[in-house]
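Biologist: Please take a close look at one charged side chain and its partners, then work outwards from there to the rest of the model. I would like to know what pairs with what, and where each partner lies.

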Amino acid sequence: MHRKSPTAAQRRAWNYWFDDGLPTLVGGFGCFVFGLSFIFDRQPLFRLLLAATYCVILLRNRSIIEWLKARLTYPRTGYVTPPYSSQDELPPLPDLTSVSLQADPAQMAKTASEQHERKQRMILVLAMLLAAVLGTMFIDHPWTFAAAGIDLGLALWIMNGKDFRLSWIVISAIPLIGFSLAIFPPDAMTPAHRLGYFVTAGGLLIVTDGVVALIRYLWRNPGLSVPAE
Amino acid sequence: MTPDLQKLAGLDRVIHEPARLMIMTTLFAVGEADFLYLQREFGLTQGNLSSHLAKLEETKYVLIEKTFKGKYPLTLCRLTKKGRKAFEEYVRKMRFVANAAPADNH
């Protein structure tokens, strides 16, 4: 029998959320649509449609993923509270250490500082994303793509395993997209186009990662389980 | 017998059973989970898990709710306040017992 601690149980529940690839797929599709809306900046109606789609994905992200999971994941492998519920909506769930009279102070301090660390991580990653976006849009030099690629790859690496789960192929391929766009820059580059090409390619990569994870999940769990009475 | 070890006699026997301890530990950590998730997590048979959940429900440690996610019916399980308190108390007692045990030097 495996050792069961709440930390391990929470970690497995967190991994379970990403196992089927649906959060990655939806997030990647959002990036893809967002990028396209910059590329098609001369077709207002199509751009409006893309922007509306992106807004729906951004605002209803959780509902979309839950809707898909209710049809694909829960009937196959069951339901457990999604990780964001404990992170964003409810007070953090206590762990065994914090309920013990003999709690290790170092462990308790570690637990208390986790949310603070997450905030700091988010601020750092947002700054890195902003630098990549502004740099790509406003510095008209092909090698800006390469720098932005490395910057985005680093931002994803910082968040990976803590805020979402992406394969290492995606994280290492983002800088490669930057280098590809630097070496073979697309024609007719406006600031919006530069950002658009980058985000679209990155989104497509993340969608591919999600699709691969989904196929693997469905391969491992082909049949629907009969719900318990 | 030392006072720490005497606490063993006062352990909650409903929680102390290994399968129920796994259920309580997981529900304490994750909030709520459905029957299928718990079954897969612990490798228990449907009948075995049902009987343990029934026992925990009987003592009002676990709340079992039949609901739907989309069209799929879920049997959701979560700890009640009484269940959370009982589990916390169980952990405290076990901590005392662990402190009374000789340390593993390996």
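**A charged pair and its surroundings**

Modeller: B:Arg78 is partly exposed, with 27% as its relative accessible area. Keep in mind that this is a predicted model. The partner of B:Arg78 is B:Glu65: their side chains meet in a salt bridge, 3.1 Å from N to O. The pair links distant parts of the chain, since B:Arg78 sits in strand E3 of chain B and B:Glu65 in strand E2 (residues 62–69) of chain B, 13 residues apart. B:Glu65 is partly exposed too, with a relative accessible area of 33%. There is also a third member: B:Glu32, B:Glu65 and B:Arg78 are linked in a network of salt bridges.

Over all chains, the structure holds seven salt bridges. Two pairs in chain A are worth setting beside the one in chain B.

In one of them, A:Lys69 forms a salt bridge with A:Asp20, and the closest N and O atoms are 2.7 Å apart. A:Lys69 belongs to helix H4 of chain A, while A:Asp20 is in the loop between H1 and helix H2 (22–39) of chain A, so this pair ties together parts that are 49 residues apart in sequence. Are these two charged residues buried or exposed? A:Lys69 has a relative accessible area of 1% and is buried. A:Asp20 is at 0% relative accessibility and also counts as buried. Buried here means under 20% relative accessible area.

The other pair is A:Arg194 and A:Asp140, whose side chains meet in a salt bridge at 3.0 Å, N to O. It links distant parts of the chain: A:Arg194 is in helix H11 of chain A and A:Asp140 in the loop between H8 and H9 of chain A, 54 residues apart. The two ends of this bridge are covered unequally. A:Arg194 counts as buried, at 5% relative accessibility, whereas A:Asp140 counts as exposed, at 62%.

Now the chain that holds these last two pairs. Chain A has eleven helices and zero strands. Of the 229 residues in chain A, 42% are buried. If we take the contacts in chain A between residues at least 6 apart in sequence, 73% of them join residues at least 24 apart.

Next come the nonpolar side chains. In soluble globular proteins, nonpolar side chains tend to be buried together. The largest nonpolar core in this model has 34 residues, and among those with the most contacts inside it are A:Tyr74, A:Leu156, A:Phe164 and B:Leu74. Several elements give two or more residues to this core, including helix H1 (6–19), helix H4 (61–72), helix H8 (105–138) and helix H11 (191–220) of chain A, as well as strand E3 (72–79) of chain B. H9(A) gives the most to it, with eight residues. Apart from this core lies another, of 32 residues, with B:Ile23, B:Phe35, B:Leu49 and B:Phe87 among them.

A:Phe164 shows what such packing involves. Leaving aside its neighbours within four places in sequence, A:Phe164 is in contact with A:Trp14, A:Phe18, A:Leu156 and A:Met159.

Some nonpolar side chains lie on the outside instead. A:Trp143, A:Ile150, A:Leu154, A:Trp157, A:Trp168, A:Phe179, A:Ile183 and A:Phe184 form a nonpolar patch on the surface, with about 910 Å² of accessible area together. Two elements give two or more residues to this patch, namely helix H9 (143–159) and helix H10 (168–183) of chain A. Of these, H9(A) gives the most, with four residues. One residue of the patch, A:Trp157, lies in helix H9 of chain A and is partly exposed, with a relative accessible area of 48%. For the chain as a whole, the accessible surface comes to about 12,700 Å², of which 70% belongs to carbon and sulfur atoms.

One kind of link is absent. The structure holds zero disulfides over all chains. Why does A:Cys31 have no bond to A:Cys55? The sulfur of A:Cys55 is the closest cysteine sulfur to that of A:Cys31, but it is 14 Å away, which is too far for a bond. A:Cys31 counts as partly exposed, at 29% relative accessibility, and so does A:Cys55, at 40%.

Notes:
Residues are numbered from 1 along each chain as its sequence is written. Chains are lettered from A and ligands numbered from 1 in the order in which they are written. This is a predicted model: local features need pLDDT of at least 70, side-chain atom pairs count only at pLDDT 80 or more; totals for chains, interfaces and linings use all residues. Side-chain values use heavy atoms; hydrogens and water are left out. Buried means under 20% relative accessible area, exposed over 50%, partly exposed in between (1.4 Å probe, protein chains only). Contact means heavy atoms within 4.5 Å. Accessible areas come from the Shrake-Rupley method with a 1.4 Å probe; for residues, only the protein chains shown count as cover. Patches are made of residues with over 30% relative accessible area and no salt bridge: like charges are joined within 9 Å, nonpolar side chains (Val, Leu, Ile, Met, Phe, Trp, Tyr) within 5 Å. A salt bridge is a side-chain nitrogen of Lys or Arg within 4 Å of a carboxyl oxygen of Asp or Glu. A nonpolar core is a set of buried Ala, Val, Leu, Ile, Met, Phe, Trp, Tyr and Cys residues joined through side-chain atoms within 4.5 Å. A disulfide is a pair of cysteine sulfur atoms within 2.5 Å.
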